[in-house]
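Grab your viewer and something to scribble on. Here is a small set of exercises, each followed by a worked solution.

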Amino acid sequence: MRESVQAEVMMSFLVSEELSFRIPVELRYEARDPYAVRLTFHLPGDAPVTWAFGRELLLDGINKPCGDGDVHIAPSDPEELSDVHIRLQVGTDRALFRASAAPLVAFLDRTDRIVPLGQERNLGDFEENLEEELDKILTEARQNEQNAG
């Protein structure tokens, strides 16, 4: 069984209404983190930036505006399946992308073959890994408290 799906999608990075440029953006999905999609982009002169957000958010955002908080995804025209806007924001820093819906749908279709939507909880490894990671975080937090005190 394949454990991950990766796709490079050309997207427009929208600097302003007048200025945009196309860049390759990597989308990645891993079965060990079945709820998340990772989006990585690299602007000239900067280090690569990776965002993780819900796979369902990407799926829903192709058809209707979605997202609370730092990630918003919406179709550019809700009447037809064409382009999708993806807005990533931290404080006043913001990145806005426009992508064709077709490669996003193809990517999501490939993720669904690894872990069907709605079946994420059925992955035994995910629950085990989650418990393991939570234990590590709690142990580190306790050690930091003891070292600080």
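The exercises below start with the overall fold and then go down to single residues.

**Exercise 1. Get your bearings: find how many helices and strands the protein has, and the order in which they come.**

Keep in mind throughout that this is a predicted model.

- Step 1: count the elements. You should end up with three helices and seven strands.
- Step 2: walk along the chain from the N terminus. The elements run β-β-β-β-α-β-β-β-α-α.
- Step 3: look at burial and surface. Of the 149 residues, 32% are buried. The protein exposes about 9,400 Å², and carbon and sulfur atoms supply 48% of that.
- Step 4: check the contact range. Take contacts between residues at least 6 apart in sequence: 37% of them join residues at least 24 apart.

**Exercise 2. Work out the strand order in the sheet, and say which strands sit at its edges.**

- Step 1: trace the pairing from strand to strand. The seven strands give the order β4-β3-β2-β1-β7-β6-β5, in an open sheet with antiparallel pairing.
- Step 2: pick out the strands that pair on one side only. Those are the edge strands, β4 (49-54) and β5 (71-75).
- Step 3: look at the twist. Ignoring direction, neighbouring strands in this sheet are turned by 30 degrees against each other on average.

**Exercise 3. Follow the sheet from β1 to β4, and for each pair of strands give the number of bridges.**

- Step 1: begin with β1 and β2. They pair in the antiparallel sense over 11 bridges, with S12 having R22 in β2 as its bridge partner. A hairpin of five residues takes you from β1 to β2.
- Step 2: move on to β2 and β3. These strands run antiparallel too, joined by four bridges, and L27 stands opposite L39 in β3. The hairpin between β2 and β3 goes through five residues.
- Step 3: finish with β3 and β4. Strand β3 covers residues 36-41 and pairs with β4 over six bridges, in the antiparallel sense. Here L39 stands opposite W51, while F41 faces V49.

**Exercise 4. Take strand β3: how many of its residues are buried, and is T40 buried or exposed?**

- Step 1: tally the strand. Five of the six residues of β3 are buried, so "mostly covered" is a fair label under the cut-off of under 20% relative accessible area.
- Step 2: zoom in on T40, which is found in β3. T40 has 19% relative accessibility, so it counts as buried.
- Step 3: list the surroundings of T40. Leaving aside neighbours within four places in sequence, T40 is in contact with P24, V25, E26, P48, V49 and T50.
- Step 4: look for a polar partner. The side chain of T40 makes a polar contact with the side chain of T50, at 2.8 Å.

**Exercise 5. Place helix α2 against the sheet, then describe the setting of T111.**

- Step 1: find the strands under the helix. Helix α2 (residues 101-114) lies across β1 (4-14), β2 (20-30), β3, β6 (83-90) and β7 (93-100).
- Step 2: get the direction. The helix runs at about 160 degrees to β1.
- Step 3: locate T111 in helix α2. Its relative accessibility is 0%, which means that T111 counts as buried.
- Step 4: collect its contacts. Residues up to four places away in sequence aside, T111 touches V5, Y29 and R55. With R55 there is a side-chain to side-chain polar contact at 3.1 Å.

**Exercise 6. Compare two settings: I86 with its contacts, and G91 in its loop.**

- Step 1: start from the largest nonpolar core, which has 34 residues. Those with the most contacts inside it are M11, L39, F41, L58, I86, F97 and F107.
- Step 2: take I86 and skip its neighbours within four places in sequence. Its contacts are M11, L39, L58, H72, I73, A95, L96 and F97.
- Step 3: now go to G91, in the loop between β6 and β7. At 58% relative accessibility, G91 counts as exposed.
- Step 4: compare sequence with space. G91 and D70 are 21 residues apart in sequence, with a C-alpha to C-alpha distance of 8.6 Å.

Technical notes
Residues are numbered from 1 along each chain as its sequence is written. This is a predicted model: local features need pLDDT of at least 70, side-chain atom pairs count only at pLDDT 80 or more; totals for chains, interfaces and linings use all residues. Side-chain values use heavy atoms; hydrogens and water are left out. Two strands pair if DSSP finds at least two bridges between them. Axes are lines fitted to C-alpha atoms, for helices over the stretch in contact, and angles run from 0 to 180 degrees between N-to-C directions. Contact means heavy atoms within 4.5 Å. Buried means under 20% relative accessible area, exposed over 50%, partly exposed in between (1.4 Å probe, protein chains only). A polar contact is a pair of N or O atoms within 3.5 Å; within protein, one must be able to donate a hydrogen and the other to accept it, and residues adjacent in sequence count only if both atoms are side-chain atoms. A nonpolar core is a set of buried Ala, Val, Leu, Ile, Met, Phe, Trp, Tyr and Cys residues joined through side-chain atoms within 4.5 Å. Accessible areas come from the Shrake-Rupley method with a 1.4 Å probe; for residues, only the protein chains shown count as cover.
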